[in-house]
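Biologist: I am new to this structure. Please pick one part, look at it closely, and then work outward from there.

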Amino acid sequence: SFAAMTASASDAVLLAPAYRTLPRMLELQAAKYGDRKLLSCAGNAWTYRDARDIAAGRAASLRAAGVSAGDRVAILCSNRLEMLEIILGCGWIGAIAVPINTAAMGPQIGYYLSNSGACLFAIEAQFVERLAHVSEGLASLRSIWVISAGALPSGTMPPMQAMPPRAKPIAPAPIAPGDTLAIIYTSGTTGPSKGVMCPHAQYY
């Protein structure tokens with residue numbers, strides 16, 4: 001009904017264009033909605049406040065791994081909270097998330113890593129075996145985080161480690177709405193996939 005639409009619109013959190021960045025969005029929503037449930041996935045749930053705190057904590061662990069503003073973090077992961085956590089953590093410190101289609105195989109994965117210039121690669125354990133067929137892009141990585149890790153192969157370059165726990169939350173980096181939050185690759189049906197640079201404001 002029109003009344004319901006009006007109520008919904010009046011309850012919306014509005015940000016002026018100059019402030020449409022991921023950290024600002026998370027902070028404002030946390031302040032307004034607090035412990036209200038934001039999402040649930042595989043039996044786990046986040047509140048709006050959780051989303052802000054998790055982003056800040058994951059950002060701290062990314063920074064401890066040497067990731068800084070402008071760095072690219074590739075992610076090969078199915079639909080699970082860890083993927084969202086890394087994307088939000090990247091956005092909190094001005095790093096750029098590079099999610100990779102889970103259908104990608106060795107040569108494609110290598111292309112995405114090389115083309116994006118990723119410095120860290122977070123990969124779900126079920127996909128690790130695909131790295132045996134990756135011939136490019138690995139040399140520029142500082143490390144590989146394995147999500148839901150079991151036994152990890154030894155002697156790999158770069159070394160693999162289980163995704164570290166979140167660290168003590170840190171303050172967000174200064175970010176502009178036009179700064180890149182994610183690079184999303186096209187399907188590549190007419191040639192090599194193109195990386196589409198998506199700014200923070202796009203996600204508002």
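Modeller: The part to look at is the contact of helix α3 with helix α4, where Ala51, Arg52, Ile54, Ala55, Ala56, Arg58, Ala59, Leu62 and Arg63 in α3 meet Glu85, Ile86, Leu88, Gly89, Cys90, Trp92 and Ile93 in α4. The model is a predicted one. Two packed helices are described by two values, the angle between their axes and the distance between those axes. For α3 and α4 the angle is about 75 degrees and the axes are 7 Å apart. An angle from 65 to 115 degrees counts as roughly perpendicular, so α3 is roughly perpendicular to α4. By class, the residues of this contact are 11 nonpolar, one polar and four charged.

Helix α4 also packs against α2. The angle between α2 and α4 is about 110 degrees, and their axes lie 8 Å apart. This pair is therefore roughly perpendicular as well. On the α2 side the contact is made by Leu22, Pro23, Leu26 and Glu27, and on the α4 side by Leu88, Gly91 and Trp92. Five of the residues in the contact of α2 with α4 are nonpolar, one is polar and one is charged. Leu88 and Trp92 of α4 thus appear in the contact with α2, and both are also listed in the contact with α3.

Glu27 is worth following from here. Glu27 belongs to helix α2. With a relative accessibility of 33%, Glu27 falls in the partly exposed class, because that class covers the range between 20% and 50%. Apart from neighbours within four places in sequence, Glu27 is in contact with Arg52, Trp92 and Pro172. Of these partners, Arg52 is one of the α3 residues that meet α4, and Trp92 is one of the α4 residues that meet α3. As for a residue farther along the chain, Cys198 is 171 residues from Glu27 in sequence, and the two C-alpha atoms are 21 Å apart in space.

Another residue of α4 is Met83. Met83 is buried, since its relative accessibility is 15% and buried means under 20%. Leaving out neighbours up to four places away, Met83 touches Ile75, Cys77, Ser78 and Pro99. Ala60 is 23 residues from Met83 in sequence, with 16 Å between the C-alpha atoms of the two.

The helices described so far also take part in a pocket. The largest pocket holds about 500 Å³ of space. It is lined by 22 residues, and those nearest its centre are Leu22, Met25, Leu26, Leu88 and Tyr203. Three of these names have come up already: Leu22, Leu26 and Leu88 are part of the contact of α2 with α4. At least two lining residues come from each of α2 (22-33), β1 (37-41), α3 (48-64), α4 (81-93), β4 (96-99) and β8 (180-185). Helix α2 gives the largest share, five residues. The lining of this largest pocket has 21 nonpolar residues, one polar residue and no charged ones.

Pro99, a contact of Met83, leads on to the second largest pocket. Pro99 lines that pocket together with Ile100, Asn101, Ala103, Ala104, Gln108, Tyr112, Ile184, Tyr185, Thr186 and Ser187. The space in the second largest pocket is about 180 Å³. Helix α5 (106-116) and strand β8 each supply at least two residues of the lining of this pocket. Its lining residues comprise seven nonpolar, four polar and no charged.

Strand β1, which supplies residues to the lining of the largest pocket, is followed up here through a loop. Ala42 sits in the loop between β1 and β2 (44-47). Ala42 has a positive phi of about 50 degrees, although it is not a glycine. At 76% relative accessibility, Ala42 is exposed. Ser148 likewise has a positive phi, near 60 degrees, without being a glycine. The place of Ser148 is the loop between β6 and β7 (160-162), and at 47% relative accessibility Ser148 is partly exposed.

Strand β6 (residues 143-147) contains Ser143. Ser143 is buried, with 8% relative accessible area. Not counting residues up to four places away in sequence, Ser143 touches Cys119, Leu120, Phe121, Pro158, Pro159 and Gln161.

Notes. Residues are numbered from 1 along each chain as its sequence is written. This is a predicted model: local features need pLDDT of at least 70, side-chain atom pairs count only at pLDDT 80 or more; totals for chains, interfaces and linings use all residues. Side-chain values use heavy atoms; hydrogens and water are left out. On a 1 Å grid over the protein atoms alone, a cavity is a set of points where a 1.4 Å probe fits but cannot get out, and a pocket is an open set with protein on both sides within 12 Å along at least five of seven lines; lining residues have an atom within 4 Å of a point. Grid points are joined across faces, edges and corners, and a volume is the space filled by probe spheres set on the points. Helices (H or I, at least four residues) and strands (E, at least two) are DSSP runs, numbered from the N terminus. Ala, Val, Leu, Ile, Met, Phe, Trp, Tyr, Cys and Pro count as nonpolar, Asp, Glu, Lys and Arg as charged, and the others, Gly among them, as polar. Buried means under 20% relative accessible area, exposed over 50%, partly exposed in between (1.4 Å probe, protein chains only). Contact means heavy atoms within 4.5 Å. Axes are lines fitted to C-alpha atoms, for helices over the stretch in contact, and angles run from 0 to 180 degrees between N-to-C directions. Angles under 35 degrees count as roughly parallel, over 145 as roughly antiparallel, 65 to 115 as roughly perpendicular and the rest as oblique.
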